[in-house]
Amino acid sequence: MTELSQEQISAEIVEAHAAAAAAGPLPIHPLRDFAPYRSSTLRHPTHALVRADPEEIELVSPAFGHSDVAPEESDLTIQHSGEPLGERIIVTGRVLDGEGRPVRGQLIEVWQANSSGRYVHKRDQHPAPLDPNFTGVGRAITGDDGSYRFVTIKPGPYPWKNHRNAWRPAHIHFSLFGSEFTQRLITQMYFPSDPLFALDPIYQSIADPAARQRLIAAYDHDISVPEWAMGYRWDIVLTGGTATWMEPEEGEHA
Ligand SMILES: [Fe+2]
């Protein structure tokens with residue numbers, strides 16, 4: 001198979017966005033069958049969703065950790081004997097529902113590459129150094145006001161093999177569990193002014209520019225701590241699914 005160039009992928013992105021715009025109002029979620037992001041064409045659902053019993057799924061579903069979430073787990077810079085290399089940052093914000101109400105007691109998990117753009121994962125073998133003082137995973141529970149706060153290292157961009165010279169913009173993966181495993185949502189947070197945004201088919205798989213913008217954290221000087229860390233603010237708004245998150249389904253919990 002011929003390796004595709006960035007120019008070809010960028011042209012496909014423009015084409016896919018035009019097709020999405022022609023189909024009606026732009027969806028705010030990623031297009032599931034987004035050709036420029038090659039593996040999405042194999043991954044997206046092709047059959048109607050199957051209703052599952054949330055409690056049964058929780059008997060076998062994966063989860064990070066085997067114990068309650070400890071407050072230290074939100075600091076990814078203190079998990080080893082030394083300090084990780086890179087730019088120390090604080091990432092904080094609130095989880096809100098579609099009506100602006102705080103979503104409290106929410107389990108948030110994050111995972112990310114180190115400052116060199118390398119994951120601690122056997123599938124990631126690109127020639128950037130691992131950091132013995134950085135694993136890149138953390139957990140937190142939102143407070144009564146829906147707030148969360150992580151201390152970490154700014155991740156580096158990393159290459160992936162979607163096409164020739166493909167690089168992901170720096171990002172942190174976020175998972176929100178909801179009150180049941182079947183409500184789990186996964187997304188990615190990005191950093192302001194990344195030159196790779198326009199080139200990245202994963203970021204661009206969201207056709208709506210405003211929805212893409214909402215994945216970018218804001219630098220907030222009031223969050224930065226003098227002599228210590230840069231601060232970013234990123235609120236997560238769970239639009240369109242408020243009832244799923246907040247209310248029991250019909251016939252349940254009668
Ligand atoms: Fe990633």
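What percentage of the 254 residues in the chain do buried residues make up? In this predicted model, the buried residues account for 43% of the 254 residues.

**View 1. The whole chain, with its helices, strands and overall dimensions.** The chain contains five helices together with 11 strands. Its radius of gyration is 19 Å, which is close to the 18 Å given by the globule rule for 254 residues, so the chain is as compact as a globular protein of that length. Taken along the principal axes, the box that the C-alpha atoms fill is roughly 55 × 50 × 35 Å.

**View 2. The iron ion and the residues that coordinate it.** Two tyrosines, Tyr119 and Tyr158, each coordinate the iron ion through the OH atom, while His171 and His173 each do so through NE2, at 1.9 to 2.2 Å. The angles among the four donor atoms run from 89 to 157°, and the site is irregular. Because a tetrahedral site with four donors needs all angles to lie between 85 and 135 degrees, the upper value of 157° found here does not fit that class. Along the chain, the donors of the iron ion follow the spacing Y-x38-Y-x12-H-x1-H.

**View 3. Tyr158 and His173, two of the residues that coordinate the iron ion.** Tyr158 belongs to strand 5 (residues 158-160) and His173 to strand 7 (residues 171-176), so this pair ties together parts that are 15 residues apart in sequence. Tyr158 has a relative accessible area of 12% and is therefore buried, and for His173, which is also buried, the relative accessible area is 12%. Both assignments rest on the cut-off for buried residues, which is under 20% relative accessible area.

**View 4. The largest cavity and the residues that line it.** The structure holds one cavity of 30 Å³ or more, and the space in the largest cavity is about 30 Å³. Its lining is formed by Leu76, Val110, Gln112, Phe150, Thr152, Ile172 and Phe174. Strand 4 (147-153) and strand 7 are the elements that give two or more residues to this lining. Sorted by class, the lining of the largest cavity has five nonpolar and two polar residues, with no charged residues.

**View 5. Tyr232 in strand 10.** Tyr232 is found in strand 10, which spans residues 230-233, and its relative accessibility of 5% means that Tyr232 counts as buried. Although Tyr232 and Ile108 are 124 residues apart along the chain, a distance of 17 Å separates their C-alpha atoms.

Note on methods: Residues numbered from 1 in each chain as written. Predicted model: local features only at pLDDT ≥ 70, side-chain atom pairs only at ≥ 80, totals over all residues. Heavy atoms only, no water. Donors = N, O, S within 2.8 Å, 3.2 Å for Na, K, Ca; no water. Tetrahedral: all angles 85-135°; square planar, octahedral: opposite > 155°, others 65-115°. Helix = DSSP H or I, 4+ residues; strand = E, 2+ residues; numbered from the N terminus. Buried < 20%, exposed > 50% of the residue type's maximum accessible area, 1.4 Å probe, protein only. 1 Å grid on protein atoms, 1.4 Å probe; cavity = no way out; pocket = protein on both sides within 12 Å on 5 of 7 lines; lining within 4 Å. Points joined across faces, edges and corners; volume = space filled by probe spheres on them. Nonpolar A, V, L, I, M, F, W, Y, C, P; charged D, E, K, R; others polar. Rg over C-alpha atoms; globule rule 2.2 N^0.38 Å.
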